[in-house]
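Student: I am new to this structure. Please take a close look at the aromatic rings for me, and set them in the context of the whole chain.

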Amino acid sequence: MRDVIVIGAGVAGLATAAALGRLGHSVLVLEKLPKPGHRVCGEYISNEAQPFLKSLGLDLASLGAAPLETLQWTTTGGSEFSAELLPGGVGLSRLRLDEGLATRAEALGAEIVRAAEV
């Protein structure tokens with residue numbers, strides 16, 4: 001018996017599990033994939049999101065986060081552009097973010113079951 005069952009061990013599910021664990025709830029996370037893996041995403045964490053992750057006890061720098069202050073892009077024709085990225089953020093591998101959140105959630109008492117079918 002658990003207070004909460006979370007379906008999915010992505011960023012939202014793991015952050016929810018950590019936040020609820022921090023509040024003393026017993027949490028079970030059910031994930032369909034057998035192990036963490038790379039996912040398609042921008043691998044960007046804005047400065048606005050960082051205080052929440054820090055409140056969960058997640059240290060982004062120790063996971064390898066790198067500051068990002070400039071947005072750069074290239075057109076199919078080869079033209080390059082750049083602009084200041086406001087308000088800024090950090091770049092971090094999605095795999096490392098998920099692993100860090102899973103470690104934090106488990107440290108706060110959550111149980112993660114992988115290869116689960118719901």
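Tutor: Accessible areas here come from the Shrake-Rupley method with a 1.4 Å probe. On that basis, the protein chain has an accessible surface of about 7,300 Å². Carbon and sulfur atoms hold 56% of that surface. Keep in mind that this is a predicted model.

Start with the frame around the rings. The protein chain contains 3 helices and 6 strands. Their order along the sequence is β-α-β-β-α-β-β-α-β. The C-alpha trace spans about 55 × 30 × 20 Å along its principal axes. Of the 118 residues in the protein chain, 36% are buried. Now take the contacts between residues at least 6 apart in sequence: 65% of them join residues at least 24 apart.

Charges come next. The protein chain carries 10 positive and 13 negative side chains. The centres of these two sets lie 6 Å apart.

Now the close look. The structure holds 1 aromatic pair. Its members are W73 and F81. A pair of aromatic rings is described by the distance of the centres and the angle of the planes. For W73 and F81, the centres are 5.8 Å apart and the planes differ by 25 degrees. The pair counts as stacked because planes under 30 degrees apart fall in that class.

How covered are the two residues? W73 is partly exposed, because its relative accessible area of 40% lies between the 20% and 50% cut-offs. F81 is also partly exposed, with a relative accessible area of 42%.

Technical notes: Residues numbered from 1 in each chain as written. Predicted model: local features only at pLDDT ≥ 70, side-chain atom pairs only at ≥ 80, totals over all residues. Heavy atoms only, no water. Helix = DSSP H or I, 4+ residues; strand = E, 2+ residues; numbered from the N terminus. Buried < 20%, exposed > 50% of the residue type's maximum accessible area, 1.4 Å probe, protein only. Contact = heavy atoms within 4.5 Å. Lys, Arg positive; Asp, Glu negative; His and termini not counted. Charge placed at Lys NZ, Arg CZ, Asp CG, Glu CD. Phe/Tyr/Trp six-rings, centres within 6.5 Å; stacked < 30°, edge-to-face > 60°.
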